[in-house]
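Me: I want to learn how to read a model like this one. Please show me the chain and its fold, then take my questions one at a time.

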Amino acid sequence: MGIWSCLGTSLDEVAKSLYEGKSGIVFDPERKLQGFRSGLTAKVQTPDLKAELPRSQRVYMPEPAQYAYCATRDALAQAGIGQDFLDSHEVGLLYGNDSTSKAVYESIAKIVEKKDTMLCGSGAIFQSMNSTVTMNLGVIFHLKGINLTVSGACASGSHAVGLGTLLIQNGLQDMVVCGGAQEVNMAATASFDGISAFSTREDAPERASRPFDRDRDGLVPGGGAATVILESYEHAVARGANIIAEVLGYGFSANGDHISTPNVDGPVRSLEMAIRRAGIAKADIGYVNAHATSTHVGDANEAKAIFRVFGERSVPVTSTKSQTGHEMWMAGASELVYSILMMKGGFIGGNINFENPDEDSTHLWIPERTIERNFDIFLSNSFGFGGTNSTLVVRNA
């Protein structure tokens with residue numbers, strides 16, 4: 001695994017932040033100057049890649065591709081996979097990404113200003129395409145298997161892992177690099193701010209993201225990148241890999257309903273499919289990482305779905321978005337990493353800022369502080385605009 005997050009840029013740093021209930025949310029005054037209703041955002045460190053990659057490669061890499069490179073570099077290192085291995089094997093690549101807003105804006109702005117398309121630069125086309133992450137990673141690491149960007153809104157990263165699992169289960173790939181990336185700049189989130197999707201609790205940024213809390217007032221944008229290296233069990237054993245965890249089940253569904261307002265039936269079908277494909281009992285699941293983004297309707301409907309599947313307060317449920325904000329296209333992959341880190345560490349990070357349940361969240365067991373708890377199987381939800389749902393069930397190795 002590899003992670004580049006507002007909670008840290010290494011697995012150890014992120015695990016510590018999760019345990020301590022650290023928030024990565026800050027107030028950005030520049031957003032207010034530019035007319036944003038909300039100046040809240042996650043603070044993500046900008047990678048410095050000058051010592052690692054030549055300018056001829058960096059020129060093609062917008063913000064999400066830079067984050068994804070760092071996460072993938074670290075995941076490959078932890079997996080014990082060097083360039084010789086990648087050069088001699090057909091390793092696939094599935095990465096979730098659904099925008100490159102800043103790159104598109106900057107290239108168009110330059111053309112409009114200068115009245116000359118040639119002045120937008122040779123890297124503009126590759127930076128501005130949604131598939132920029134997989135294009136860049138595929139070239140940098142010389143990956144020769146499937147190369148595909150999964151564009152499924154806020155379920156993108158989760159779907160990438162699920163689809164990678166299906167490819168391996170069907171014998172089409174032995175190994176797939178999977179993940180999700182999200183840009184953090186203003187251009188990426190301006191339209192969200194324009195529909196009043198964001199919290200305006202600017203006096204206390206670290207308390208603004210409040211999944212499941214009665215007094216939540218909107219989400220907080222976050223981002224970065226997360227990578228997991230998937231491979232078949234036989235392939236992992238043959239190369240002497242240190243196996244971290246196993247994907248037991250992947251469930252998916254579409255709401256077939258409103259473009260932005262989630263329902264309950266769609267998520268329920270995704271959860272039940274993942275559990276069914278995992279071949280386990282619901283009681284075997286020791287933790288649920290909820291999608292809950294800190295919006296009124298979204299959190300309420302997910303709480304209803306989890307209650308319908310699991311019953312009254314039967315399993316610990318938290319949303320790590322209380323610490324990170326909504327990492328959007330990255331979230332499905334990063335929350336997989338967060339959940340595995342907690343599983344390995346024998347704890348569940350608290351759903352910070354959860355002070356007062358509402359009529360739906362009162363039916364769930366939501367720890368507001370970190371609890372010491374061993375669990376070997378968890379379920380992670382990711383839902384997106386357009387009504388796309390993805391659920392993963394993962395077991396400890």
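Me: Which residues lie nearest the centre of the largest pocket?

Reply: Bear in mind that this is a predicted model. Start from the lining. Here 29 residues line the largest pocket, and Leu230, Glu231, Ile243, Ala245 and Glu246 lie nearest its centre. The pocket volume is about 710 Å³.

Me: Which elements give two or more residues to that lining?

Reply: Helices H4 (63-78), H9 (156-169), H11 (233-238) and H15 do, along with strands E7 (224-231), E8 (245-254) and E14 (388-396).

Me: How do the lining residues divide into nonpolar, polar and charged?

Reply: Sort them by residue type. The lining has 19 nonpolar residues, six polar and four charged.

Me: Take H15 from that lining. Why is H15 said to be largely enclosed?

Reply: Count buried residues, meaning those under 20% relative accessible area. In H15, 13 of the 15 residues are buried, so the rest of the structure largely encloses this helix. H15 covers residues 331-345 and spans 21 Å between its first and last C-alpha, close to the 21 Å expected. Next comes Gly346, with a positive phi near 70 degrees.

Me: E7 also lines the pocket. In what order do the strands of its sheet run?

Reply: Read strand order across the sheet, then check the edges. This open sheet of five strands runs E1-E7-E6-E4-E5, with mixed pairing. Strands E1 (2-4) and E5 (147-150) are the edges, each pairing on one side only. From one strand to the next, the twist averages 15 degrees.

Me: How many bridges join E6 and E7?

Reply: Eight, in the antiparallel sense, with E6 covering residues 175-182. Val177 stands opposite Ile229 of E7.

Key. Residues are numbered from 1 along each chain as its sequence is written. This is a predicted model: local features need pLDDT of at least 70, side-chain atom pairs count only at pLDDT 80 or more; totals for chains, interfaces and linings use all residues. Side-chain values use heavy atoms; hydrogens and water are left out. Helices (H or I, at least four residues) and strands (E, at least two) are DSSP runs, numbered from the N terminus. The expected span of a helix is 1.5 Å times one less than its number of residues. Buried means under 20% relative accessible area, exposed over 50%, partly exposed in between (1.4 Å probe, protein chains only). On a 1 Å grid over the protein atoms alone, a cavity is a set of points where a 1.4 Å probe fits but cannot get out, and a pocket is an open set with protein on both sides within 12 Å along at least five of seven lines; lining residues have an atom within 4 Å of a point. Grid points are joined across faces, edges and corners, and a volume is the space filled by probe spheres set on the points. Ala, Val, Leu, Ile, Met, Phe, Trp, Tyr, Cys and Pro count as nonpolar, Asp, Glu, Lys and Arg as charged, and the others, Gly among them, as polar. Two strands pair if DSSP finds at least two bridges between them. Axes are lines fitted to C-alpha atoms, for helices over the stretch in contact, and angles run from 0 to 180 degrees between N-to-C directions.
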